[in-house]
Amino acid sequence: MSTSEPTVLASALNYAFSSGGSSKRVLDSVDFEMQPGEIVIVTGPSGSGKTTLLTLVGALRSVQQGEMFVLGKPLHQLDKRSLVDVRREIGFIFQMHNLFDALSAFENVKMSLELRKYSKEYIKKRAIELLTELGLGERIDYKPQALSGGQRQRVAIARALANKPQLILADEPTAALDRESGRTVVNLIQRLAKQEQSSILLVTHDNRILDIADRIVTLVDGRIESDVNLAERLRICEILRQTPAFRSLTPGELTEMAEHMQRETFAKGDAIVRQGEIGDRLFVLQQGVVEVFHDDGDGSRSVASLESGNVFGEGALLTSGERNATVIAQEDVSALSLTKESFDQALNSSVSFNQEILQIHFTRTNVLTGSPHPPQTS
Ligand SMILES: Nc1ncnc2c1ncn2[C@@H]1O[C@H](COP(=O)(O)OP(=O)(O)OP(=O)(O)O)[C@@H](O)[C@H]1O
C-alpha cells in the first residue's frame, strides 16, 4: 500500500439486520475515510451503528451494499476466506478482550506473533519489549485472572500491536476501566500507534478520551452526523492566533471561529475576489502575496499589497454589498475562508473581533475614497 492511499475508504455503505422477515437499516449511505497514521474516534448514541461500522471495517462482517477498501483491499469483492486474510493485517482491541485464560500475558502476546514467520528470538524479544513498555514487565508470566482489568486490557493492546498493524480497531477500550486506567490505556494506544504510524479507529461513549483523536465522527441513526477534524482545527487556531485581526479573541472564540474556517488555495494570477461581485466570504491570508486593485471608473489601480497574516474581503460582508476591489494572487496562495454567515455570527458574539474588523475596514475605505469619515456599514 502506498503511503498516500487511505487506510480505509468506504462509500455509500448501507447495512441492515434482518430478523423475523423484517429488516432494520443500521448504516445509511455512509461515506467514510481514514488516512495512514490518523486516529479517528467514532461516537454517537447507543444503537447508532458504531460497532456495525467497526466490524465491517475489520472484515468481521460482509459488506452488503456500497464499497469498502481497507488497507487497499476491496472488502466488498472478497470471499470469506480472503476476508480472513485481511483480518490478520488488523489489530483488534475489543472490550471483551478474549485473552486466553490458560496462557500467561507473555504467551497471549506470543500467540499473535506466531501467526507470522518471525524467528523465535524475535518473537520473544518483541513480546517482552511490548509488555514492558506497557508497564507489565513484572507480570509477563501472570495469567489473566491474576491481573486487574486495566492490566488485562494492556495485554490485549500488546497483542493487538505486536505485529505492527497499519490499522487498529478498538471497541470501547476503556468501558470496563476506571478513569485513571482508562486514560493510561488510551495514552498507550495513542503513543504506540503514532510510533508505528498506524491508523486507529476507536468506538467509544467515553467523552473523557475524545482528546486523543485527530478526528471525531458522530453517528446518529446510522448516518454520519458530523466529522470534526480536531488536528486541523488546532492548526487553524494557531494560524488565527498569529493573525493581528484575531489577536484579541479569547481561546474559546478562536476555537469557535476555527471550527467554521476552510482552507483554500489559489494559483498565481487567480482573481480571489472581483470588484462588483457580491461578497460571500472573508479571507485570512496564510501564505503568499496578493495585490488589491480598485477601479474608480478611470481604470484599475493597485491600492495595496497584502502578505500572510492579513485579512481581506471584509468590506462587502460588512455592507452586504458588492466587492469594492479585485484581489489577485501574485504567487501560489493559501488562505482560510469564513462564510458570511459565520462572519456575521463572529461579529455578533465577539466585541473585540467586531472592533478589529471595523478598524481595518475604516482604514482601507479611507485609502480607496480619501474620506476621513468612518464608512457606512449598514
Ligand atoms: N446481530 C444483530 N441482529 C439484529 N440487530 C442487531 C444486531 N447487532 C446489532 N443490531 C442492531 O443494530 C443497531 C446498531 O447496533 P450497533 O451495535 O452497531 O450500535 P452501536 O452504536 O455500536 O451501539 P452501542 O453504543 O449500544 O454499542 C442496534 O439497534 C442494534 O440493536
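The buried residues of helix 6 (buried meaning under 20% relative accessible area with a 1.4 Å probe, protein chains only) pack against strand 6 (90-94), helix 4 (120-133), helix 5 (149-161), strand 7 (167-171) and strand 8 (199-203), where contact means heavy atoms within 4.5 Å. Helices (H or I, at least four residues) and strands (E, at least two) are DSSP runs numbered from the N terminus. The model is predicted, and local features need pLDDT of at least 70, side-chain atom pairs count only at pLDDT 80 or more, and totals for chains, interfaces and linings use all residues. Residues are numbered from 1 along each chain as its sequence is written, and side-chain values use heavy atoms, with hydrogens and water left out.

The buried positions of helix 6 are Gly 182, Val 185, Val 186, Leu 188, Ile 189, Leu 192 and Ala 193. Seen down the helix axis, these buried residues fall within an arc of 155 degrees, so they line one face of helix 6; the arc is taken from the directions from the axis to the C-beta atoms. On the other side of helix 6, Arg 179 and Glu 180 are exposed, that is, over 50% relative accessible area.

Helix 6 also contributes to the largest nonpolar core, as do strand 3 (39-43), helix 3 (105-113), helix 4, helix 5, strand 7 and strand 8, each supplying at least two residues. Such a core is a set of buried Ala, Val, Leu, Ile, Met, Phe, Trp, Tyr and Cys residues joined through side-chain atoms within 4.5 Å. Among its 39 residues, those touching the most other members include Ile 93, Ile 200 and Leu 202.
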